[in-house]
Amino acid sequence: MIGNHIDWNLQALMAIMEIRHARATDAPAVTTLLAELGYPDNTETDVRGRLERWARHPEGAAFVAESDGTVVGIIAVVAIPLLEREGAVGRIVALVVDETRRGTGVGRALITAAEEQALRWGCGAMEVSSSRRRTGAHAFYRARGYEDRCERSAKFFRELTT
């Protein structure tokens, strides 16, 4: 799944870790990871349903990092078609690595998998949003070549009700 353009440290990590599509059976581990990310109110049943939905999404994918039979990270990415010009942009919807594995290359491997998938969908760029309080995550994204462009545009959000 990971391409040939990665550095040898990441290649060594990949020898002991597998990046694969998430499965519904990953729900217990993913539920725990989402709690680490700050979303503790998920149930395994809810997460299982979402993983099943992601598996059916034509331009969306969820990947997990698995080491020694244990899921240690997850990333979800989706392609968003552009209206103002040709192409699409890939959007990282969620990324979390087990807190005991952070800084070991798991996040890099997941980002690489997401970016390679986005390229297969024809995306010309990637985007991700991150809470201002997650300064460690910001440093991680910057180290991967992502730019903070909040000064160029604002992000607005509104809850929808029926």
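**A five-stranded mixed sheet and its helices**

G73 stands opposite V97 in strand β4. This pair belongs to a predicted model, and the description below starts from the strands on either side of it. Strand β3 covers residues 70-81 and pairs with β4 in the antiparallel sense. Nine bridges hold this pairing. The two strands form a hairpin with six residues between them. Within that hairpin, G87 adopts a positive phi near 100 degrees.

Strand β4 spans residues 88-97. Eight of its 10 residues are buried, so β4 is largely enclosed by the rest of the structure. The cut-off for a buried residue is a relative accessible area under 20%. β4 also pairs with strand β5, residues 123-128. Here the strands run parallel, and five bridges join them. R91 has E127 in β5 as its bridge partner. V89 is likewise bridged to A125 in β5. Between the two strands, the chain passes through helix α4, residues 106-120. The resulting β-α-β crossover is right-handed.

The wider sheet is open and contains five strands. Their order is β1-β2-β3-β4-β5, and the pairing is mixed. Strands of a sheet pair through backbone hydrogen bonds, either parallel or antiparallel. β1 (18-21) and β5 occupy the edges. Each has a single partner strand, so one side of each lacks a neighbour in the sheet. Ignoring direction, neighbouring strands are turned against each other by 25 degrees on average.

On the other flank of β3 lies a further antiparallel pairing, this one with strand β2, residues 60-67. Eight bridges connect β2 and β3. S67 is placed opposite T70 in β3. The loop between β2 and β3 contains D68. Its phi is near 50 degrees, which is positive although D68 is not a glycine. D68 counts as exposed, because its relative accessibility is 75% and the cut-off for that class is over 50%.

Helices pack on this sheet. α3 lies across β2, β3 and β4. It runs at about 50 degrees to β3. α4 touches β1, β2, β3, β4 and β5. The direction of α4 makes about 150 degrees with that of β2.

A helix-helix contact adds to this arrangement. Helix α2 (residues 27-37) packs against helix α3 (residues 44-56) at an angle of about 105 degrees. Their axes are 9 Å apart. Angles of 65 to 115 degrees count as roughly perpendicular, and α2 and α3 are therefore roughly perpendicular to each other. On the α2 side, the contact involves A27, P28, V30, T31 and L34. On the α3 side, it involves E44, V47, R48, R50 and L51. By class, six of the contact residues are nonpolar, one is polar and three are charged.

The loop between β4 and α4 holds R102. With a relative accessible area of 44%, R102 is partly exposed. Beyond its neighbours within four places in sequence, R102 is in contact with E36, V96 and V97. R102 and G73 are 29 residues apart along the chain. Their C-alpha atoms are separated by 9.3 Å. V97 thus recurs in two settings: it is the residue opposite G73, and it is a contact of R102.

Taken as a whole, the chain has five helices and five strands. From the N terminus on, the elements follow the order α-β-α-α-β-β-β-α-β-α. The chain contains 162 residues, of which 40% are buried. Contacts between residues at least 6 apart in sequence were also considered. Of these, 60% join residues at least 24 apart.

Notes: Residues are numbered from 1 along each chain as its sequence is written. This is a predicted model: local features need pLDDT of at least 70, side-chain atom pairs count only at pLDDT 80 or more; totals for chains, interfaces and linings use all residues. Side-chain values use heavy atoms; hydrogens and water are left out. Axes are lines fitted to C-alpha atoms, for helices over the stretch in contact, and angles run from 0 to 180 degrees between N-to-C directions. Helices (H or I, at least four residues) and strands (E, at least two) are DSSP runs, numbered from the N terminus. Angles under 35 degrees count as roughly parallel, over 145 as roughly antiparallel, 65 to 115 as roughly perpendicular and the rest as oblique. Contact means heavy atoms within 4.5 Å. Ala, Val, Leu, Ile, Met, Phe, Trp, Tyr, Cys and Pro count as nonpolar, Asp, Glu, Lys and Arg as charged, and the others, Gly among them, as polar. Buried means under 20% relative accessible area, exposed over 50%, partly exposed in between (1.4 Å probe, protein chains only). Two strands pair if DSSP finds at least two bridges between them. A crossover is right-handed if, with the strands pointing away from the viewer, the path from the first strand over the helix to the second runs clockwise.
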